[in-house]
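This report addresses a protein–DNA model and is intended to be read alongside the sequence and coordinates.

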Amino acid sequence: MDSAIIRNEIYRIVRKIPRGSVLSYGDIGRIVGTGPRQVAAAMRACPAGLPWHRVVGAGGTIRTPGEYAWIQRERLIAEGIRFRGRGFSYDLYRWKTGKYPH
DNA sequence: AACATGACCTCTC
DNA sequence: TGAGAGGCCATGT
């Protein structure tokens, strides 16, 4: 199935995000050619060892439900991301090294 | 096969 | 600044 391949692509990209950087659901979706919700759906399975905390909502917001939101925030802060208010500056911490297809 | 759901995004008002 | 609507499409029932 295509969807399984896309899921693997998503996981591969998330694994590539370097420490201290983040990527949004929408951007990841744009890279692999699918939508933001599909990225979220893939993250629901969350394989062990995956740096899921580096995947955030558009504009640098935490969209993770429940207590994981707190864990994610702590981990991001531990990687050097400074929060301002609810979220942080996505432009500042976005993983820029990965070139997006266009 | 139809239907509901969702760790989203963008545009309105 | 915040709430609502619509679009999106893989997943699970």
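The following paragraphs treat the surface near the DNA strand and then the packing of two helices.

The model is predicted. Around DNA strand B there are 17 residues, of which Tyr25, Arg37, Ala58, Arg63 and Pro65 come nearest. By class, this surface near DNA strand B comprises eight nonpolar, five polar and four charged residues. Helix H2 (25-32) and helix H3 (36-45) each contribute at least two residues to the surface, and H3 provides the largest share, with six residues. On the DNA side, 52% of the atoms of strand B within 4 Å of the protein belong to sugar or phosphate, and the rest belong to bases.

Polar atom pairs between the protein and DNA strand B include those in the table below.

| Protein atom | Atom of DNA strand B | Distance |
|---|---|---|
| Gly26, polar backbone atom | phosphate oxygen | 3.4 Å |
| Ala58, polar backbone atom | phosphate oxygen | 2.9 Å |
| Thr64, polar side-chain atom | base nitrogen | 3.3 Å |

Ala58 thus appears both among the residues that come nearest to DNA strand B and in a pair with a phosphate oxygen.

Helix H3 also packs against another helix. Two packed helices are described by the angle between their axes and the distance between the axes. The axes of helix H1 (residues 2-16) and H3 come within 10 Å and cross at roughly 80°. As angles of 65 to 115 degrees count as roughly perpendicular, H1 and H3 are therefore roughly perpendicular to each other. In this contact, Arg7, Ile10, Tyr11 and Val14 of H1 meet Gln38, Val39, Ala42, Met43 and Ala45 of H3. The residues of the contact divide into seven nonpolar, one polar and one charged.

Methods. Residues numbered from 1 in each chain as written. Chains lettered and ligands numbered in written order. Predicted model: local features only at pLDDT ≥ 70, side-chain atom pairs only at ≥ 80, totals over all residues. Heavy atoms only, no water. Near = heavy atom within 4 Å. Polar contact = N/O pair within 3.5 Å; in protein donor to acceptor, adjacent residues only side chain to side chain. Helix = DSSP H or I, 4+ residues; strand = E, 2+ residues; numbered from the N terminus. Nonpolar A, V, L, I, M, F, W, Y, C, P; charged D, E, K, R; others polar. Axes fitted to C-alpha atoms, helices over the stretch in contact; angles between N-to-C directions. Parallel < 35°, antiparallel > 145°, perpendicular 65-115°, else oblique. Contact = heavy atoms within 4.5 Å.
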